[in-house]
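Work through the exercises below with the sequence and the 3D view side by side. Try each task before reading its solution.

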Amino acid sequence: MKWKVYAYKGCDTCRKALKFLQARRVAFEEVPIRERPPTKAELERMLKLYGGDLRKLFNTSGQDYQQLNLKDKLTKMTAVEAIDLLARNGNLVKRPFVVIGDRGVVGFKEEEWERLV
């Protein structure tokens with residue numbers, strides 16, 4: 001199954017993840033996360049995979065997250081509000097954000113990705 005990898009070219013973690021996939025000859029489509037953030041449906045599916053933990057979907061070290069003061073606001077947001085925000089601003093999404101059919105993963109931890117390959 002082809003992986004859909006939302007990534008940012010300037011992100012070291014994304015580059016490592018893409019090299020990992022290339023080295024293992026995994027078929028994937030790279031999607032520029034800033035220009036084309038994950039869809040609401042993809043974000044909702046990932047939220048479910050992560051047990052409803054909204055924070056797992058956010059790039060908490062990013063400037064947009066910090067400038068919007070989301071550390072304090074996120075706990076007061078509904079899932080619908082957070083998903084809407086993420087779908088509109090790819091800078092807020094933790095990357096790489098990977099969709100593999102009905103499975104997926106956020107961020108790059110090699111041991112976790114090995115299990116998915």
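A salt bridge is a side-chain nitrogen of Lys or Arg within 4 Å of a carboxyl oxygen of Asp or Glu. This is a predicted model, where local features need pLDDT of at least 70, side-chain atom pairs count only at pLDDT 80 or more, and totals for chains, interfaces and linings use all residues. Residues are numbered from 1 along each chain as its sequence is written, and side-chain values use heavy atoms, with hydrogens and water left out.

**Exercise 1.** Find the N–O distance between glutamate 29 and arginine 36, and classify both residues by exposure.

Solution. Start with the atoms: the closest N and O atoms of glutamate 29 and arginine 36 are 3.9 Å apart, and the pair forms a salt bridge. Next, recall the classes: buried means under 20% relative accessible area, exposed over 50%, partly exposed in between (1.4 Å probe, protein chains only). Glutamate 29 has 33% relative accessibility, so it is partly exposed. Arginine 36 reaches 45%, so it is partly exposed.

**Exercise 2.** State how many salt bridges the whole structure holds, then place the one between glutamate 114 and arginine 24.

Solution. The search of the whole structure gives 8 salt bridges. In the bridge between glutamate 114 and arginine 24, the closest N and O atoms lie 2.8 Å apart. This pair links distant parts of the chain, 90 residues apart. Glutamate 114 sits in helix α6 (residues 110–116), and arginine 24 in the loop between α1 (12–23) and β2 (28–32). Helices (H or I, at least four residues) and strands (E, at least two) are DSSP runs, numbered from the N terminus. Now widen the view: a network of salt bridges links Arg24, Glu110 and Glu114.

**Exercise 3.** Which helices does the salt bridge between aspartate 84 and lysine 40 link?

Solution. The closest N and O atoms of aspartate 84 and lysine 40 are 3.0 Å apart. Aspartate 84 belongs to helix α5 and lysine 40 to helix α2, 44 residues apart. Aspartate 84 is partly exposed because its relative accessibility is 26%. Lysine 40 is partly exposed because its relative accessible area is 41%.

**Exercise 4.** Is asparagine 59 buried or exposed, and which residues does it touch?

Solution. Locate asparagine 59 in the loop between α2 (40–49) and α3 (63–67). Its relative accessibility is 12%, so asparagine 59 is buried. Contact means heavy atoms within 4.5 Å. Leaving out residues up to four places away in sequence, asparagine 59 touches Tyr65, Asn91, Leu92, Val93, Lys94 and Arg95. One of these, lysine 94, lies in the loop between α5 (79–88) and β3 (97–100). Lysine 94 is partly exposed because its relative accessibility is 35%.
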